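Visitor: Hi, I'm new to this one. Could you walk me through it?

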Amino acid sequence: MSNEDNNSRRLRAGSSLGANLLVFLQRSLGGITAILLFMMMILTLLDVFGRYLFNSPIMGAYEITELMLVILIFAGIPLASANDEHIAVDLIDGVMPPFIVKVRDILISLTMSVVMGALSISVWHKGLEAIKYGDQSAMLHVPMSPVFFIISVTLGLAALVSLALAWQYTNFRVGDDRRLKL
Amino acid sequence: MNESLIAFATMLTLVIVVRMPIAFAMGLVGYVGFGLMTSFDGSLAMASIITYDTGMNYGLSVVPLFILMGNFVTRAGLSDELYAAANAFLGHRRGGLAMATVVACGGFSAVCGSSLATAATMSKVALPPMRRYGYDDGLATGSIAAGGTLGILIPPSVILIIYGIMTESDIGLLFIAGILPGFLGVILYLVAVLVAVTLKPEIGPRGERTDWAARLQSLWGVSGVLGLFTLVIGGIYGGIFTPTEAAGIGASGAFFIALFRGRLSWRVLYETLVESARTTGMIFVILIGAEIFSNYINIAGLPDLLSEWVVSFDLSAIVVILLIMAVYVVLGTVLESLSMIMLTVPVFYPLVMGLDLGEYSMALMDPEMALIWFGIIVVVITEISLITPPVGLNVFVLKSMLSDVKLQTIFRGVTPFWLVDIVRLTILILLPGLVLWLPNFMAN
């Protein structure tokens with residue numbers, strides 16, 4: 001327990017601005033995803049009711065759901081990263097020397113950060129292209145570029161979370177929680 | 001032709017030895033492999049197109065909504081009533097509390113799509129009474145760990161949804177196909193309890209007998225579960241809603257049940273929603289990684305290579321299926337359910353589609369139905385892997401709830417259930433018509 005406390009205290013003291021930023025981001029993303037998912041549920045319900053009871057499905061519900069889904073998914077990714085929810089196979093951790101586990105965890109977090117970062121940049125360019133060509137959604141004519149920018153930003157946040165985790169793992173002890181401590 | 005095999009081996013090494021999350025191992029290997037064949041710029045462009053395309057697809061909103069439904073159901077406390085009702089009918093028999101556990105797990109699986117959630121939720125309800133009546137720890141934990149595996153077979157099922165997405169199969173047909181094998185699973189688990197307590201009567205003492213008035217009253221308690229299942233799965237079967245709509249309706253229904261039972265504070269509601277969103281994000285990262293990987297192995301020709309082997313060894317279709325099952329048994333010892341499906345389905349499903357399964361069974365003449373059948377047997381074998389040592393995840397769920405019970409005790413308790421699971425798998429492989437009976441009704 002005291003290890004964890006020390007860790008989080010060090011993390012806080014070391015980069016209180018960064019930690020505050022992460023807390024803020026995590027809460028905002030949590031709020032956004034909660035509202036989107038709830039709306040998606042209600043929208044589907046109303047759409048079906050509308051179709052069967054009043055013979056009038058909600059105009060564009062299909063596309064609204066699609067847009068909500070994409071934001072929901074990508075906002076969920078940094079949250080999953082911060083919670084260490086990406087499925088990994090814990091098979092030989094018990095027999096590995098703690099030092100190797102530590103180095104490995106740092107390297108893997110850095111790799112994940114690079115992967116997310118590269119995708120973030122690549123999708124950002126796609127967003128710029130979408131502005132240039134004026135891409136719009138088929139039914140509601142929503143401009144597509146903001147969608148790409150949102151995906152890019154959330155992937156960028158996931159890259160940041162993995163980076164913060166790599167930093168946190170420098171103080172990792174066996175049995176510590178792998179989640180991001182805030 | 002060999003590089004795709006090297007890629008597969010590299011990816012497994014990253015997952016098992018390096019403990020890289022499976023989504024990233026698949027994505028990285030797919031990216032590097034594709035980059036080596038074409039260019040790394042092109043490969044990054046391919047990866048980013050897959051990334052945003054995977055997210056923008058109406059049909060995939062079925063994933064977060066069914067996850068949400070399962071999470072609301074878990075919070076709603078429906079497990080208590082399910083267990084109470086099953087216990088009212090079965091509890092007075094020898095081993096009756098374990099039988100009630102199995103039936104209640106089956107019932108919970110009908111509204112929840114996750115095996116781990118089913119095992120975790122039911123253990124909170126079913127363990128205390130079994131311990132109170134002096135049940136053997138092995139039988140008590142084994143019945144929950146095994147009963148919980150039904151979560152991914154009895155619809156709704158997150159794993160079947162993922163399989164449907166990856167193979168472009170009809171999720172509705174997959175759900176309906178899961179019903180009979182799931183029911184068979186419940187029956188066989190009851191047989192397993194019966195055999196276990198017949199061999200050793202002391203492991204499962206009788207509980208109290210409940211009179212018929214109380215029994216009928218207990219049924220009222222499960223009306224919520226029954227109604228929700230009938231609405232969601234009945235709606236899909238009757239063609240009233242698409243699976244996506246059914247997911248929205250199921251989640252709403254579970255929300256209102258939890259709300260009216262007073263189980264939802266603002267905080268719990270918020271946590272349930274965010275938890276579902278996180279799980280959705282996690283699943284989509286794996287889906288994206290798996291797409292990048294399967295894109296590469298398809299271009300590198302792994303499915304063709306496997307098909308060539310089948311031809312060169314002159315293997316009949318059913319032998320190929322049995323070989324695939326053998327691979328699953330081996331992988332199942334180290335991988336958990338979602339990883340196993342994601343890693344293997346991209347490799348195997350093109351192969352299965354190319355097999356002439358019609359010569360094995362008339363029921364499999366239609367390649368679309370053959371894929372539905374294959375999905376069900378893959379899920380059943382995945383269920384078995386959840387209770388197979390050394391990495392049976394459901395067993396670990398039970399272990400984490402009971403620190404005083406040894407892991408070996410739970411694995412010993414699970415053994416009779418494991419054995420009847422093998423019987424079930426054999427039946428489902430021998431009788432594809434049983435799996436496809438309900439889906440054929442629905443399709444016509």
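Guide: Here is a short tour of helix packing, cores, a few single residues and some backbone oddities.

Visitor: Anything I should know before we start?

Guide: This is a predicted model, where local features need pLDDT of at least 70, side-chain atom pairs count only at pLDDT 80 or more, and totals for chains, interfaces and linings use all residues. Residues are numbered from 1 along each chain as its sequence is written, chains are lettered from A and ligands numbered from 1 in the order in which they are written, and side-chain values use heavy atoms, with hydrogens and water left out.

Visitor: OK, helices. How do people describe two packed ones?

Guide: By the angle between their axes and the distance between the axes. The axes are lines fitted to C-alpha atoms, for helices over the stretch in contact, and the angles run from 0 to 180 degrees between N-to-C directions. Helices themselves are DSSP runs (H or I, at least four residues), numbered from the N terminus.

Visitor: At what angle do helix 2 of chain A and helix 4 of chain B pack?

Guide: Helix 2 (residues 16-53) of chain A and helix 4 (residues 62-76) of chain B pack at about 100°, and their axes are 11 Å apart. The two are therefore roughly perpendicular to each other; that word covers 65 to 115 degrees, while under 35 counts as roughly parallel, over 145 as roughly antiparallel and the rest as oblique.

Visitor: And which residues meet there, between helix 2 of chain A and helix 4 of chain B?

Guide: From helix 2 of chain A you get A:Leu37, A:Met40, A:Met41 and A:Thr44, and they meet B:Pro64, B:Leu65, B:Leu68 and B:Phe72 in helix 4 of chain B. By class, this contact of helix 2 of chain A with helix 4 of chain B has seven nonpolar, one polar and no charged residues. Contact means heavy atoms within 4.5 Å. For the classes, Ala, Val, Leu, Ile, Met, Phe, Trp, Tyr, Cys and Pro count as nonpolar, Asp, Glu, Lys and Arg as charged, and the others, Gly among them, as polar.

Visitor: Got a pair inside chain B too? How do helix 15 and helix 17 cross?

Guide: The axes of helix 15 (residues 302-312) of chain B and helix 17 (residues 337-354) of chain B come within 9 Å and cross at roughly 50°. That makes helix 15 of chain B oblique to helix 17 of chain B. On the helix 15 side, B:Leu302, B:Pro303, B:Leu306, B:Ser307 and B:Val310 meet B:Val347, B:Pro350 and B:Leu351 of helix 17 of chain B.

Visitor: Switching topic: how many residues are in the largest nonpolar core?

Guide: It has 217 residues, and those with the most contacts inside it are B:Ile321, B:Met342 and B:Phe374. Helix 14 (residues 266-300) of chain B gives the most to this core, with 18 residues. There's also a second, separate core of 10 residues, which includes A:Ile106, A:Val161, A:Ala166 and A:Phe172. A nonpolar core here is a set of buried Ala, Val, Leu, Ile, Met, Phe, Trp, Tyr and Cys residues joined through side-chain atoms within 4.5 Å.

Visitor: What does B:Phe374 touch?

Guide: Leaving out residues up to four places away in sequence, B:Phe374 touches B:Tyr163, B:Ile321, B:Ile324, B:Met325, B:Phe348 and B:Val352.

Visitor: Over in helix 4 of chain A, is A:Ala130 buried or exposed?

Guide: A:Ala130, in helix 4 (residues 98-133) of chain A, is buried, with a relative accessible area of 2%. Buried means under 20% relative accessible area, exposed over 50%, and partly exposed in between (1.4 Å probe, protein chains only). A:Tyr133 is in helix 4 of chain A as well, but counts as exposed at 58% relative accessibility.

Visitor: Any backbone oddities?

Guide: A few. Most residues other than glycine have a negative phi, and most peptide bonds are trans. Here, a cis peptide bond joins B:Pro155 and B:Pro156, with omega about -5°, and another cis bond joins B:Pro389 and B:Pro390, with omega about 5°.

Visitor: And where is B:Arg19, and what is its phi?

Guide: B:Arg19 is in the loop between helix 1 (3-16) and helix 2 (22-37) of chain B, and its phi is positive, near 55°. B:Arg19 is buried, with a relative accessible area of 10%. B:Asp314 also has a positive phi of about 55°, but B:Asp314 is exposed, with a relative accessible area of 69%.
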